[in-house]
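Student: Could you take me through the disulfides here, one at a time, along with the helix where you'd start? I'd like the cut-offs spelled out as you go.

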Amino acid sequence: MRQIQSCMLGGVGLWLALACGGEGGSGGGDTGELDTGLPEETALEDVTAEQYTAACEALRDRASSRLGPDKTVRGACEVFSGAFTNDPGECRDSADDCVVQTNDGTHPFLSAEALDVTQFECVGGANDRAGCTVTVGEFETCMNDRLLAFERLLSENTCSNAAMIDLVSAMNLANFASMDAPASCAQLGAECPAVDPFAAPP
């Protein structure tokens, strides 16, 4: 388990998973927005360790409900399969096998554990929040925008459009962590990037 202040959420495997989707996309899932329960005007530097832990747990719960391991594993398998076939049916058959192998630990490249977006510990890091004037409300907006971006990738890259997923595209999607963060995360990235568990490695 990783602490939230240094968590990169599973490396390349995770970004591959977040860049593609399961059958039917993510349209029917829980898309409720993150609400930490803290006063939105409070600066992160003024949040106590207990409040920080509670906010982290709220984020983990929201990520779990919107991007659970079943969805991310299926997503990784669909983009992996789509890179090698243009036929949606063949892609789904291959993805079915991939899901079984990933979940039972026999897949040569994918790991269910690495694809779990909730694998971070909720441990407060006062040093990482020192001097951080980003408010709780701004943090919530940034995190909601990150989850929405992940969900869009899940719904837009499936076996249904396998013909559009070539190997180059799959590798580009696998590097999701290097893509630009939402505009709402700019101040967080500038002042206290370690507080963002979805941020790319430095």
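Tutor: Here is a walk from one helix out through the cysteine pairs. Keep in mind that this is a predicted model, where local features need pLDDT of at least 70, side-chain atom pairs count only at pLDDT 80 or more, and totals for chains, interfaces and linings use all residues. Residues are numbered from 1 along each chain as its sequence is written, and side-chain values use heavy atoms, with hydrogens and water left out.

Let's start with helix H3, residues 69-82. (Helices are DSSP runs of H or I with at least four residues, numbered from the N terminus.) H3 has 14 residues and reaches 20 Å from first C-alpha to last, close to the 20 Å expected at 1.5 Å a residue; that expected span is 1.5 Å times one less than the number of residues. Ten of the 14 residues are buried, so H3 is largely enclosed by the rest of the structure. Buried here means under 20% relative accessible area, with exposed being over 50% and partly exposed in between, using a 1.4 Å probe and protein chains only. Among the buried ones in H3 are Val73, Ala76, Cys77 and Val79.

Cys77 is our way into the cross-links. A search of the whole structure finds four disulfides, a disulfide being a pair of cysteine sulfur atoms within 2.5 Å. Cys77 pairs with Cys98, S to S 2.0 Å. The torsion about their S-S bond is about -70°, so this disulfide is left-handed. Cys77 sits in H3 and Cys98 in helix H4 (residues 88-104), so the pair ties together parts that are 21 residues apart in sequence. Both Cys77 and Cys98 are buried.

H4 also holds Cys91, while Cys159 lies in the loop between helix H6 (136-156) and helix H7 (167-174), so their pair ties together parts 68 residues apart in sequence. The sulfur atoms of Cys91 and Cys159 are 1.9 Å apart, and with a torsion of about -65° this disulfide is left-handed. Cys91 counts as buried at 0% relative accessibility, and Cys159 is buried at 0% as well.

Next up is Cys142 with Cys185, S to S 1.9 Å. Here the S-S torsion is 105° and the link is right-handed. Cys142 belongs to H6 and Cys185 to the loop between H7 and helix H8 (186-191), so the pair ties together parts that are 43 residues apart in sequence. Cys142 is buried with a relative accessible area of 1%, and Cys185 is buried at 4%.

Notes: Helices (H or I, at least four residues) and strands (E, at least two) are DSSP runs, numbered from the N terminus.
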